[in-house]
Amino acid sequence: MIDLTKKAGFGLAGRHRAEKRFKWVGRSAIAISLMFLALMVGSITLTASGTLRQTQIAVQVDLGAENVDPTDPASASYGRLVKSGLRDMFPDVTSRREKKALYNLVSPEGSFEAAKLVAKDPDLLGSTQTLWLTASDDLDLYLRGKIDITLPQNQRQISDKEVVWINALQANNQLRRVANWNFLTGGDSREPEIAGILSALVGSLYSLAVCFALSFPIGIGAAIYLEEFAPANRLSDLIEVNINNLAAVPSIVFGLLGLSIFLGYMGLPRSSPLVGGMVLALMTLPTIIIAARAALRSVPPSFKEAALALGASPVQAVFHHVFPVAMPGMLTGAIIGMAQALGETAPLLMIGMVAFIVDIPDSILEPATALPVQIFLWADSPERAFTEKTAAAIIVLLIFLISMNLIAILLRRKLETRF
Amino acid sequence: MWFDRIVIVLLAAAAGMAILVTVGIVLSLIFETIQFFGKVPLSNFLFGLEWSPQTAIRADQVGSGGSFGILPLINGTLLISAIAMIVATPLGLTSAVYLSEYSSKSARAWIKPGLEILAGIPTVVYGFFAALTLAPFIRMTGNQMGLEVASESALAAGIVMGIMIVPLISSLSDDVINSVPQSLRDASLGMGATQSETIRRVVLPAALPGISGSLLLAASRAIGETMIVLMAAGMAAKLTLNPLDAVTTITVQIVALLTGDQEFDSAKTLSAFALGLFLFGITLCINVVALHIVRKYQEQYD
Amino acid sequence: MTDPIITARGVDIFYDTKQAIHNIDLDILPNKVTAFIGPSGCGKSTFLRAINRMNDLIPSCRISGDMKIAGQDIYAPAVDVVALRAQVGMVFQKPNPFPKSIFENVAYGLKIHKITTSKTEMQDRVEWSLRSAGLWDEVADRLDDPGNSLSGGQQQRLCIARAIAIKPKVILMDEPCSALDPIATAVVEELIDNLRKDYTIVIVTHSMQQAARVSQRTAFFHLGSLVEYGETKSIFTNPTDERTQNYITGRIG
């Protein structure tokens, strides 16, 4: 007779257990991937948080007329003045080695900072002033408890002597922690406490501008041709297959193309955002073409047919009636393509955008680096403080990428018309 | 209308750019590669067991010729790609199955973008994580178990690369699984199969060609990946299958050969282009096959 | 009169808020072919799919009322839908063989329900099913060919063989001949008639001639309601309801 319950046979119990197991495996696969994402972003964010603030030391600097010429303050040797200020704070330091260690409490860039402070505020001149100068990366790490003091002296970056000095400075309120705006407004530096990402960011923006200027019109043009005008022949098929394959070519191969053709054959300036942008444009072209074609395809043929029926030429029909409707979709694709380009590193290494760039580049022809390349360079640096900078630069990069993707999503939502 | 003709010609030229890029890639690689094979015989390149391109500054120094055997690089590339695929295939496929067959619409609306974030993170970030967090962790764990682990291990790079390609596999496979006709699921469920039986015995076998296409595309991506291996896998060219060893890959060597000081027209510099051509050729073949399989598969159920 | 095998009392079915089936009472007798007829969109397929809970797969679909098979409420919590569907099989509108060999298609149910593990028993059962479906002579020498290498009519008979391999008590058929040509349809109709002695068959059809040819009892659905139900002969020769009359004479539908 018919039994519909779980005791009906058919190995039901075991099969339902297998079903549960199967579902559980699927869930845990997703959980593993997402947990990895959380772990990665979380650990990087944590590492990056050290960059938010930086340590400054108050140094008494004698800016009297005998040291700084009031008519030409820039000519003074601020390095010497800062050093003597440090010596005055710790008069018992006498040996050469100890002096050197003492000077190292302040960043090597401290003298430039002093010069800048004076240039900004000439009233400081004429007497001894307290200047807040950026401390060295090791001091900063020590203050934040990142240096293990229990290790033997020769295995850590800070000696016992320095620890004594730092504690003394702290007791006299001669140390302070301030927001590290320099990270966002400065260029690269050999000194992690000074290094900033602005030069790399500007390099990236220049490259993206070139990339967009090239790939957007070409990509859209190609998409319109393939979608609206291309005859159904083997050449069109070839272009089609070609675009799909280009999308899967390793990025480094595009770098080789740039090196050999743009730099070697055309002689364009090495390390420049111009060449970087050109290489990135070639890479993003397939993405933009594929997205633009999808956008064009989603426009109902009736739009074009109506225009044709009224006597418009095919070109008019496409540009007046199909193109504007497809525009939001094409822009969305372009933004996503730009986001890909922003994160791309390998091809830029090939065309020499790995230069050490301190100054903010002024044009697309000057040597520059890009944000992801800066990350790569810093990740390679031995100083521990650079690890935090790297992580912070990654966070900045991710913020840019997330914003671009959000814009793309919002644009799609806002302008999406359904037919 | 002459205006229309000009517009169409311009549009066609834009489309032609795609072909021009491919031609450009081939040309840029091929000339240097031919020059390279003028200096180093093809058989040495393809079958050589040693890779040490350090040509000396002066020609009279010892070992000035360098050796250009690609096999250790292929070994390293395949080792890391294999680890990546071992990580990514089960994760990506089961995620795809769960997303397309089980998850509710609302859960899917959260999980899918979550996985897509993984795909959108630049590879340099994965490389940083692999080199800074995962590799030391693997080394520490390995040492505790009494294993000898290189500080830059193939395993760390491979695992991270695997996670990176999970979304590629899951989204391609998701599409493939979704295109299996509902009527097949109905037939199986209608005779009392459970959902997992239906998936394992009907849906997945039906989707197999498409899934294998997506796995091929993922493998090609792993082979061509540069930054993760550059930052986490090291420079040691050796023939080994030990995932705890440091290895190097084709892409890493291209970067190493072409960054920093280089002499133009030296065998060392030129070899990078030969490697590039090899890499391009391999990935192109895989891509062509994979795209062909996927397209054939889609036509089958259209 | 024999006891009904399937009894429906006050069955309502909704898609979201839209009601597709209104308060249906229906008894289906064993070892008979019962045809559901009516204009398209009248709910006959929805009702058919409710009998082995295939509507469970549609998240927006809800059902209320009593649906009993052999006296057991199939929507009761104690009921295992796997056991239900193993005993209430289904054949679909479009032939849907699995992308496997002919043999594997028929053996599918035997394997998942663990009905037999012995190889010879499996072979015997597959042969028996294919013979019952009238397909054996056509495929005996190519059991390893893929199921979709067969013609449309053969594919549908393969699907019927697949359904009966696990010996269900009831077979639900949802317009099984709508994708077939007239000759294949005739073969399948003859098969349905032969299967009647071992199985209870419920068939949805949009062809009144087919209902008249294969069924003993006919239910006429209209706008989600059961308008008239009885002996096929009397429905077609002497309908009591005007709507039935209009439908079978071709005035609506």
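## Phe36 and its ring partners

Both B:Phe36 and B:Phe68 are buried (under 20% relative accessible area with a 1.4 Å probe, protein chains only). This is a predicted model, where local features need pLDDT of at least 70 and side-chain atom pairs count only at pLDDT 80 or more, while totals for chains, interfaces and linings use all residues. Residues are numbered from 1 along each chain as its sequence is written, chains are lettered from A in the order in which they are written, and side-chain values use heavy atoms, leaving out hydrogens and water.

Over all chains there are 19 aromatic pairs (Phe, Tyr or Trp rings, the six-membered one for Trp, with centres within 6.5 Å; edge-to-face means planes over 60 degrees apart). B:Phe36 sits edge-to-face with B:Phe45, at 5.7 Å centre to centre and 75° between the planes. It's also edge-to-face with B:Phe68, at 5.4 Å and 80°. That second pair ties together parts 32 residues apart in sequence, because B:Phe36 lies in helix H1 (residues 2-39) of chain B and B:Phe68 in strand S2 (residues 67-68) of chain B. Helices (H or I, at least four residues) and strands (E, at least two) are DSSP runs, numbered from the N terminus. Ring pairs link B:Phe36, B:Phe37, B:Phe45, B:Trp51 and B:Phe68 into a cluster.

## Where chain C meets chain A

Chain C puts 18 residues into this contact and chain A eleven (heavy atoms within 4.5 Å). About 1,400 Å² is buried between them, with carbon and sulfur atoms giving 63% (accessible area, 1.4 Å probe, lost on being put together and summed over both parts). C:Gln72, C:Asp80 and C:Gln87 supply 34% of what chain C buries here, more than any other three residues.

How values were computed:
Buried area = accessible area lost by both parts, 1.4 Å probe. Phe/Tyr/Trp six-rings, centres within 6.5 Å; stacked < 30°, edge-to-face > 60°. Buried < 20%, exposed > 50% of the residue type's maximum accessible area, 1.4 Å probe, protein only.
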